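Here's a quick tour of a protein model, written for someone just getting started. Keep the 3D view open and click along as you read.

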Amino acid sequence: MGRIFNSQSLWVATLLHSLLVINSFSPLTLLPVRNSGARAVTTSCRISPQKHSPLAALTTSIHIHATRQPSRLQLSAQQDAFSSTSTTSALKFQLEDSQVDFCRGYLNKHHADFLLKIVEFFSPLGAEMANANVWSGSSYILEDAKIIDLSCDQMHLQVNIVRRNKERTTETVLIDMNADPIPQKMRSISQLLPPVPDYANQLPIDVWTRRLVRFCWMLPSQYAPVTGKILQLALQLGGSHLHKLRENLYLNQVPHNVYVRQYFYDMAKDAVVEAVLSVRAKYKATSDNANIDATSATNVPFYFSSNRLLVTCQFPELNTSMDSYRIGTLLELVRTMALALATQHGLRVRVCVQGSMGVGIFTGTPKSLSGVQMLLQRMDWQSLQGETHEGIVGTLINFGGVGPEHVVDELVDPKDGTVLQHADDVFILLCPQSMVGIDCSITPLLEQMVNKAGDRPVILVNPDLVDKPSSAGQQSVRGRQARLDFASSFETAFCFQNVYISGTSYFPILGAVTKLHPAEPWIAHQRRDYLENDADDDSKGEVYVPVLASETRPTGEAILEAFGR
């Protein structure tokens with residue numbers, strides 16, 4: 001094999017030989033070697049193993065600069081790392097052939113300019129173009145690009161290049177789906193986003209979709225609306241339906257139907273249970289001095305960096321700024337979450353509602369929480385003798401307020417080791433919020449409670465941690481940044497918020513912003529009415545169509561722009 005290659009690419013043969021040894025029982029098909037002048041040599045190969053080989057459908061591409069010859073030690077390290085990561089990724093996430101063909105055809109036909117921007121911002125060809133055009137503009141032009149092959153980890157593209165005073169050339173480039181922009185384009189990107197993790201419980205098409213969405217948000221802003229089309233593409237190709245909203249919710253009709261409320265209860269419950277298990281698994285692994293990776297030993301993904309969780313569920317009956325607010329809906333939502341944690345996983349849950357705040361005669365509770373603590377304890381928990389959850393209140397489910405004194409720790413008898421008092425496992429806080437007045441900020445009490453809870457999950461449901469400026473300079477400029485940092489330290493486990501025309505007009509509903517699961521991205525849905533057909537009444541209704549997706553919460557401007565398209 002050494003005679004086939006020239007002296008500059010002799011080490012390419014060594015690498016290919018090692019790949020042959022790794023996969024010696026599988027046929028190897030080599031694509032033609034591309035030599036782009038004296039600057040670089042690119043070798044692309046597709047390993048086509050037998051049916052039961054663990055390297056099935058593994059596509060690799062190595063970019064080699066002929067002017068820099070690596071040492072044998074570097075070459076060995078590159079081979080080991082490349083073989084290990086590629087094999088692991090191929091085993092975990094593999095797109096089906098039909099999905100690959102459809103995605104390739106769709107992007108090549110409808111989003112050729114988007115692919116060209118990806119090459120410009122995330123590939124070595126983009127760096128070459130930037131360097132060539134420094135002194136003479138338009139001396140190096142990326143004419144067009146199309147996908148040859150793709151996977152969850154890589155995209156293989158064919159690019160046509162026009163160089164001044166030279167013939168048009170065609171080159172191939174491999175782009176990592178979690179790649180960062182090239183240094184020359186750092187000033188031109190919209191934002192720098194972290195790589196998208198590959199959780200074990202995600203479908204391959206969903207992983208590929210989220211990584212492509214990440215590219216959209218790092219490119220100039222005009223490519224953000226492409227994310228909605230990519231998300232709809234994934235849904236058509238068998239992606240997860242966790243982020244797909246039910247049709248005919250009719251949230252403009254208040255009070256809501258019982259099945260609509262239950263629909264939101266179940267979604268929030270599933271997201272909260274998954275989030276709590278993730279937090280507990282992460283801190284258990286930390287306490288056991290385990291190697292912290294993206295997933296625990298029990299295959300529970302680590303979605304969050306801390307134990308501070310946020311649940312925002314604000315359809316019209318849970319929006320305190322609207323006259324349709326119904327306290328019973330909030331209590332039913334919390335009861336569903338608490339019972340799921342207690343009955344399905346045996347966790348001790350403390351449901352907390354803040355008490356009166358203020359000084360002297362100027363004390364009270366927020367209007368939306370007036371009497372909630374009493375209602376919470378008197379509602380039907382099915383905890384009486386002979387009922388479904390007999391004895392659960394007072395054992396696995398308890399009630400409290402907001403403050404460090406409401407955090408119960410385990411108490412053990414030092415003599416015989418008997419547990420005299422069990423510790424709380426999870427804390428659910430209903431709508432914590434500040435009021436206008438002296439000593440009426442909820443932040444100090446909430447911060448003390450979170451600190452005393454340690455690594456136990458603390459869940460805020462529909463909080464309002466915005467300052468309410470009061471007399472004596474309270475909740476004003478002093479200490480504001482610390483309060484903002486504390487409020488932003490809570491990570492979203494579940495979110496559903498309707499989008500309206502303005503802050504003072506709540507009807508009609510334009511759509512919704514959602515994050516329906518810890519592993520799901522942020523999605524903006526536009527509410528659309530079905531075309532009315534007098535001959536067929538069944539065709540009337542409404543549907544929520546995803547038009548924007550992001551790894552971070554999209555801004556109001558981006559949402560309205562996507563709605564306008």
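**One helix and what surrounds it**

In helix 11, which covers residues 443-453, the buried residues are Thr 443, Leu 446, Met 449, Val 450 and Ala 453. Look down the axis of helix 11 and those buried residues fall within an arc of 130°, so they line one face of the helix. Bear in mind that this is a predicted model.

**Around helix 11**

- So what covers the buried residues of helix 11? The cover includes four strands, namely strand 8 (308-314), strand 9 (349-352), strand 15 (426-430) and strand 16 (458-461), along with helix 12 (480-488).
- Step just past the end of helix 11 and you meet Gly 454, which takes a positive phi of about 70°.
- On the other side, the loop between strand 15 and helix 11 is where you'll find Cys 431.
- Cys 431 has a phi near 45°, a positive value in a residue other than glycine.
- Is Cys 431 buried or exposed? Its relative accessible area is 3%, and buried means under 20%, so Cys 431 is buried.

**Cysteines**

- How many disulfides does the structure hold? The count is 0.
- Cys 216 counts as buried, with a relative accessibility of 1%.
- Cys 440 also counts as buried, at 1% relative accessibility.

**Charged side chains tucked away: Arg 211**

- Find helix 6 (residues 204-218) and you'll find Arg 211 in it.
- Arg 211 has just 3% relative accessibility, so it counts as buried.
- Which residues does Arg 211 touch, once you skip those up to four places away in sequence? They are Cys 152, Asp 153, Met 177, Asn 178, Val 196, Pro 197 and Asp 198.
- Val 196 deserves a second look: it sits 15 residues from Arg 211 along the chain, and the C-alpha atoms of the two are separated by 6.0 Å.
- There's a polar link here too, with the backbone oxygen of Val 196 lying 3.4 Å from a polar atom of the Arg 211 side chain.

**Charged side chains tucked away: Arg 350 and Lys 269**

- Arg 350 lies in strand 9, and strand 9 is part of what covers the buried residues of helix 11.
- With a relative accessible area of 11%, Arg 350 is buried.
- The side chain of Arg 350 reaches the backbone oxygen of Phe 399 at 2.8 Å.
- Phe 399 has company: leaving aside neighbours within four places in sequence, Arg 350 is also in contact with Asn 398, Gly 400, His 406, Val 408, Asp 424, Val 426, Phe 427 and Ile 428.
- Over in helix 8 (residues 258-287) you'll find Lys 269.
- Lys 269 has a relative accessible area of 18%, and the cut-off for buried is under 20%, so Lys 269 is buried.
- Not counting residues up to four places away in sequence, Lys 269 touches Thr 336, Met 337 and Ala 340.

**Helix 7 and the loop after it**

- Gly 228 lies in helix 7, and at 2% relative accessibility Gly 228 counts as buried.
- Which residues are in contact with Gly 228, leaving aside its neighbours within four places in sequence? You'll see Pro 546, Val 547, Leu 548 and Ala 549.
- Gly 228 and Ala 562 are 334 residues apart in sequence, yet they are 8.4 Å apart in space, C-alpha to C-alpha.
- The loop between helix 7 (226-236) and helix 8 holds Pro 255, and the peptide bond from Val 254 to Pro 255 is cis, with omega near 0°.
- Tyr 250 has its place in the loop between helix 7 and helix 8 as well.
- Phi of Tyr 250 is near 50°, which is positive although the residue isn't glycine.
- Tyr 250 is partly exposed, with a relative accessible area of 29%.

**A pocket to look for**

- Rolling a probe the size of a water molecule over the atoms shows where empty space is left.
- The second largest pocket has about 390 Å³ of space.
- Its lining is made of 20 residues, and Arg 210, Tyr 303, Lys 515, Pro 518 and Glu 551 lie nearest the centre of the pocket.
- Helix 6 and strand 17 (491-499) each supply at least two residues of the lining of this second largest pocket.

Key:
Residues numbered from 1 in each chain as written. Predicted model: local features only at pLDDT ≥ 70, side-chain atom pairs only at ≥ 80, totals over all residues. Heavy atoms only, no water. Buried < 20%, exposed > 50% of the residue type's maximum accessible area, 1.4 Å probe, protein only. Arc of directions from axis to C-beta. Contact = heavy atoms within 4.5 Å. Disulfide = S-S within 2.5 Å. Polar contact = N/O pair within 3.5 Å; in protein donor to acceptor, adjacent residues only side chain to side chain. 1 Å grid on protein atoms, 1.4 Å probe; cavity = no way out; pocket = protein on both sides within 12 Å on 5 of 7 lines; lining within 4 Å. Points joined across faces, edges and corners; volume = space filled by probe spheres on them.
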